[in-house]
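Me: I am new to this one. Please show me the structure, and then let me ask how its labels are earned.

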Amino acid sequence: MTELLLERNSDMDRERIDHSRAPILDGITDYLHRGIVPFSTPGHKLGVGADAELREVLGEAVLRADIPLGGGVGDTHFSGEALRAAEALAADAWNADRSFFLLNGSSAGNHAFLLAAVGPGDKVIVSRDLHKSLLVALILTGAEPVYLSPRLHPELNVGLGITADQVAAALDRHPDAKLVALVSPSYCGVPSDLAAIAAIAHARGVTVHVDEAWGPHFPFHPALPPSAMTSGVDGAVTSMHKVLGSLTQAAILNVRAGLVDPDRVRTTVGMAQTTSPSALILASIDAARRQMALHGRDLLDRTVALAADARRRLQAIPGIAVLDAEELGIAEFDLTKLVVDVDALGITGYEAEQALRYRFGVGPEMSDLVGLVFLITIGDTPESVDRLVDAFATLSREHSRGGGRRAELRSSGTVIAPGRQAMTPREAFFAQAKATPLAAANGEVSAELVIPYPPGIPVLAPGEIITDDKIAYLREGAAHGMYLSGPADPTLATIRVVA
Ligand SMILES: Cc1ncc(COP(=O)(O)O)c(C=O)c1O
């Protein structure tokens, strides 16, 4: 069904750009007004058959709105009119030729774009701070990664993005590369110079795809970094659910026609996702697009001001450091991300998270050995920011003797250092493998993905030779409660290596 629905954002649609419309949301309302008795999926039938507690927690309205897309939203047939119109509006808002709504997050968009752009054996220049989903896309396609390491700030050990010179040098060394795939902004909010990178790649006919999962808000405020599509790249995936007002899993894949064929992307988007799209998630993308197109500037004015206030007040608390563009020596930065370092308090980020979550009722986005990340979004208020700042003020008083003992453990340097490649991720993933004690795995070829989550950047990728520093990092992390996605042995006593 999805393939029928994911039709092109036609010129006719573009002529009808009116951002006050929300075709999918309106379609749900129409369906409910028509009072149809459904003999179709979903089986809970407008909530009637749902578990009582589920009904209570979600509310009747949410379950009633969980209707099918085809035969539900806006029409009684499967033309996909509402989805096509909604995607055309999104394409206009994100400055793309075509947009595709995604129900499985940016992950599905990374899979779909790579399946459209590269095939087995094709070389992909890719930043080593890639998210799990890009690595999975390499396994799915059989493409050969040429990893680039983001530059690191010498003292803060924070990734500073990929430079145009790095991309140019990689393309000189690998003139047969088919694709440049970058993560921008980084998990810490640092963008790469995408306009310069796109110009360099395009001069050689190479396609550029950007994982902009953390930057769906960029097009809507001048204080934020330039968006990927505005910078001229060919594809960019962005997670509407991460920092905008959509439901979890909502994302968009934006495409510029030319080096990549949008119709092929439509096909691969249909391959990468469910054939039973949730109208609720799609409507939430549609609604968030309307909200940002009409009110994004005002909402983000408020958000940027709240984030600046939070950053200033947190920075004034003894033992607390918060990243900013000046400290990193960069011009562009996502100000709405608060990357907080608690190293000087002598506690780990994990310990700080425990205290914040269970004693102060404050939930961070993530924590690692030295710090935590907090998102300030259009959903924040002066009161929520006060709560965050007050919690840190108390934590600081309680740990006033400080420490700084863990500075050497900051994660990113070890994580984003590309290991030596013995084989492609696909070859290693499908190779004969055996479990071996992690402590004795130095020099072996990893057969699996080992990914601290969040942020989801693989410490070990299939095909990479395992090194002592990565083993030490993983053991230290595991000892401090780092959650690992990927390994067959979640305790990481053993790891699967190529036999
Ligand atoms: C850089 C990056 N890309 C892609 C993703 C996947 O996004 P989603 O959770 O929307 O599938 C994430 C999720 O954390 C991410 O950090």
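What follows is a set of short questions and replies on a predicted model.

Me: Why is Val57 called exposed?
Reply: The cut-off for exposed is over 50% relative accessible area. Val57 has 63% relative accessibility, so Val57 counts as exposed. Its place is in helix α4.

Me: What makes the nonpolar surface patch?
Reply: Leu54, Val57, Leu58 and Val62 make it, with an area of about 320 Å². Helix α4 (residues 52-58) gives the largest share, three residues.

Me: What makes β1 and β3 edge strands?
Reply: The open sheet has seven strands in the order β1-β7-β6-β5-β4-β2-β3, with mixed pairing. β1 (98-102) and β3 (144-148) each have a single partner strand, so one side of each is left without a neighbour in the sheet. Neighbouring strands here are turned by 20 degrees against each other on average, direction ignored.

Me: How do you know that β2 and β3 pair?
Reply: A pair needs at least two bridges. Five bridges join β2 (residues 123-127) to β3, so the two strands count as paired. They run parallel. Ser127 stands opposite Leu148 in β3.

Me: Which strands does helix α12 lie across?
Reply: Helix α12 (residues 262-272) lies across β1 and β7 (251-255). Its direction is at about 5 degrees to β1.

Me: Why is the contact of Asp263 with Arg98 called a salt bridge?
Reply: The limit is within 4 Å, from a side-chain nitrogen of Lys or Arg to a carboxyl oxygen of Asp or Glu. The closest N and O atoms of Asp263 and Arg98 are 3.5 Å apart, so the pair qualifies. Asp263 is in helix α12 and Arg98 in strand β1, 165 residues apart.

Me: Why is Arg98 called buried, and Asp263 partly exposed?
Reply: Buried means under 20% relative accessible area, and partly exposed runs from there up to the exposed range, over 50%. Arg98 has 3%, so Arg98 is buried. Asp263 has 29%, so Asp263 is partly exposed.

Me: How do you know that Arg313 and Asp309 form a salt bridge?
Reply: The N to O distance is 3.1 Å, and the limit is within 4 Å, so the pair counts. Both lie in helix α13 (residues 279-315), four residues apart, about one turn of the helix. Asp309, Arg312, Arg313 and Asp386 are linked in a network of salt bridges.

Me: Why is Glu464 called buried?
Reply: Its relative accessible area is 0%, and buried means under 20%, so Glu464 is buried. Glu464 forms a salt bridge with Lys470. Lys470, at 3% relative accessibility, counts as buried.

Methods. Residues are numbered from 1 along each chain as its sequence is written. This is a predicted model: local features need pLDDT of at least 70, side-chain atom pairs count only at pLDDT 80 or more; totals for chains, interfaces and linings use all residues. Side-chain values use heavy atoms; hydrogens and water are left out. Axes are lines fitted to C-alpha atoms, for helices over the stretch in contact, and angles run from 0 to 180 degrees between N-to-C directions. Contact means heavy atoms within 4.5 Å. Patches are made of residues with over 30% relative accessible area and no salt bridge: like charges are joined within 9 Å, nonpolar side chains (Val, Leu, Ile, Met, Phe, Trp, Tyr) within 5 Å. Accessible areas come from the Shrake-Rupley method with a 1.4 Å probe; for residues, only the protein chains shown count as cover. Buried means under 20% relative accessible area, exposed over 50%, partly exposed in between (1.4 Å probe, protein chains only).
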